[in-house]
Amino acid sequence: MDTGTTIRGRGSRLRDAAIALLLALGMAPGLSAQTAAARTIVFFGDSLTAGYGLTDPDAQSYPAQVQRKIEAAHLPWRVVNAGLSGETSAGGLRRVDWVLNQKADIFVLELGANDGLRGTSPSVTEANLQAIIDRVRSRYPEARIVLAGMRMPPNMGPDYAEDFQAIYPALAKRNGITLIPFLLAGVAMMPELNQGDGIHPTASGARIVADGVWKAIQPLLMAVR
């Protein structure tokens with residue numbers, strides 16, 4: 001979410017972007033040949049995906065926890081966490097071709113929350129997300145796409161919140177892709193599961209998010225082996 005950009009600064013953002021690229025290209029230190037040969041699920045999002053504020057994002061972010069579930073199930077998949085704190089749908093559109101240098105067998109798209117917090121027109125966010133979906137399909141026609149839905153708090157206004165929430169099911173239906181109705185289901189508005197900013201999940205909150213994501217993607221992982 002956008003809070004991450006303010007706190008972390010340009011240096012940390014560039015460092016995270018470099019790490020994301022190394023992961024996307026399969027060049028991260030310690031990546032085994034077996035892992036490199038596995039099918040790949042790319043999580044493409046903002047600070048919610050990056051694991052902002054967690055003590056150990058590499059272990060506690062929801063994509064990292066999904067990786068552990070994959071390993072426990074002995075499935076031939078590896079996770080690439082291409083989350084970047086502060087990312088908007090427009091920023092994601094500019095960045096997606098770079099990330100897609102790594103082949104994606106499943107592409108989980110988690111963007112839009114920062115758009116909403118900035119009051120971006122839902123039609124603009126929807127157009128950017130559609131363009132990202134189009135880029136993925138153009139590059140990897142066989143890739144399965146999963147869209148993580150987001151919602152806005154009531155203080156953004158009921159009409160805006162309703163229009164924003166409607167973006168995600170509309171995109172999922174139009175493109176025939178898997179929808180996670182609300183990424184933060186069971187976590188949002190729960191103080192004990194969120195960090196002090198009330199936005200980013202704690203490690204326990206991220207575990208609940210991972211459970212929801214796993215429920216959505218497990219059938220896809222099992223179908224492509």
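## Close-ups of a predicted model

Of the 225 residues in the chain, 51% are buried. The model is predicted, and its chain has ten helices and five strands. Among contacts between residues at least 6 apart in sequence, 76% link residues at least 24 apart. The views below pick out a few spots to start with.

**View 1. Helix α5 packs against helix α10.** Here helix α5, residues 62-72, meets helix α10, residues 203-223, with the two axes 8 Å apart and an angle of about 50 degrees between them. Because an angle like that falls outside the roughly parallel, antiparallel and perpendicular ranges, α5 counts as oblique to α10. The crossing of this pair is right-handed. From α5, the contact takes in Tyr 62, Gln 65, Val 66, Lys 69 and Ile 70. On the α10 side, look for residues including Ala 203, Ala 206, Arg 207, Val 209, Trp 214, Ile 217 and Leu 221. Sorted by class, the contact of α5 with α10 holds eleven nonpolar residues, one polar and three charged.

**View 2. The buried residues of α5 have several neighbours.** Zoom in on α5 and you'll find Tyr 62, Pro 63, Ala 64, Gln 65, Val 66, Gln 67 and Ile 70 buried. These buried residues pack against the strands β1 (39-45), β2 (77-83) and β3 (106-110). They also pack against the helices α3 (47-50), α4 (57-60) and α10.

**View 3. His 74 and Met 189 are two loop residues with positive phi.** Most residues other than glycine have a negative phi, which makes this pair worth a look. His 74 comes after α5, in the loop between α5 and β2. Its phi is positive, about 55 degrees, and His 74 isn't a glycine. With a relative accessible area of 67%, His 74 is exposed because that is over 50%. Now hop over to Met 189, in the loop between β5 (178-180) and α10. Met 189 isn't a glycine either, and its phi is positive at about 70 degrees. Buried or exposed, then, for Met 189? Met 189 is exposed, with a relative accessible area of 69%.

**View 4. Helices α8 and α9 run roughly parallel.** Helix α8 covers residues 122-139 and helix α9 covers residues 158-175. Their axes come within 9 Å and cross at roughly 25 degrees. That angle is under 35 degrees, so α8 counts as roughly parallel to α9. The crossing is right-handed. Pro 122, Thr 125, Glu 126, Leu 129, Gln 130, Ile 133 and Arg 137 make the contact from α8. Among their partners in α9 are Tyr 160, Phe 164, Ile 167, Tyr 168, Leu 171 and Arg 174. The contact of α8 with α9 has nine nonpolar, three polar and four charged residues.

**View 5. Ser 89 is a buried serine with a polar partner.** Ser 89 belongs to helix α6, residues 89-99. Its relative accessibility is 0%, so Ser 89 counts as buried. The side chains of Ser 89 and Asp 115 share a polar contact of 2.5 Å. Leaving aside residues up to four places away in sequence, Ser 89 also touches Leu 111, Thr 125, Asn 128, Leu 129 and Ile 132.

**View 6. Ser 204 is a partly exposed serine in α10.** Ser 204 sits in helix α10, and at 35% relative accessibility it counts as partly exposed. Asn 194 is ten residues away from Ser 204 along the chain, and the C-alpha atoms of the two are separated by 8.4 Å.

How values were computed: Residues numbered from 1 in each chain as written. Predicted model: local features only at pLDDT ≥ 70, side-chain atom pairs only at ≥ 80, totals over all residues. Heavy atoms only, no water. Helix = DSSP H or I, 4+ residues; strand = E, 2+ residues; numbered from the N terminus. Buried < 20%, exposed > 50% of the residue type's maximum accessible area, 1.4 Å probe, protein only. Polar contact = N/O pair within 3.5 Å; in protein donor to acceptor, adjacent residues only side chain to side chain. Contact = heavy atoms within 4.5 Å. Axes fitted to C-alpha atoms, helices over the stretch in contact; angles between N-to-C directions. Parallel < 35°, antiparallel > 145°, perpendicular 65-115°, else oblique. Left-handed = near helix turned anticlockwise from the far one by under 90°. Nonpolar A, V, L, I, M, F, W, Y, C, P; charged D, E, K, R; others polar.
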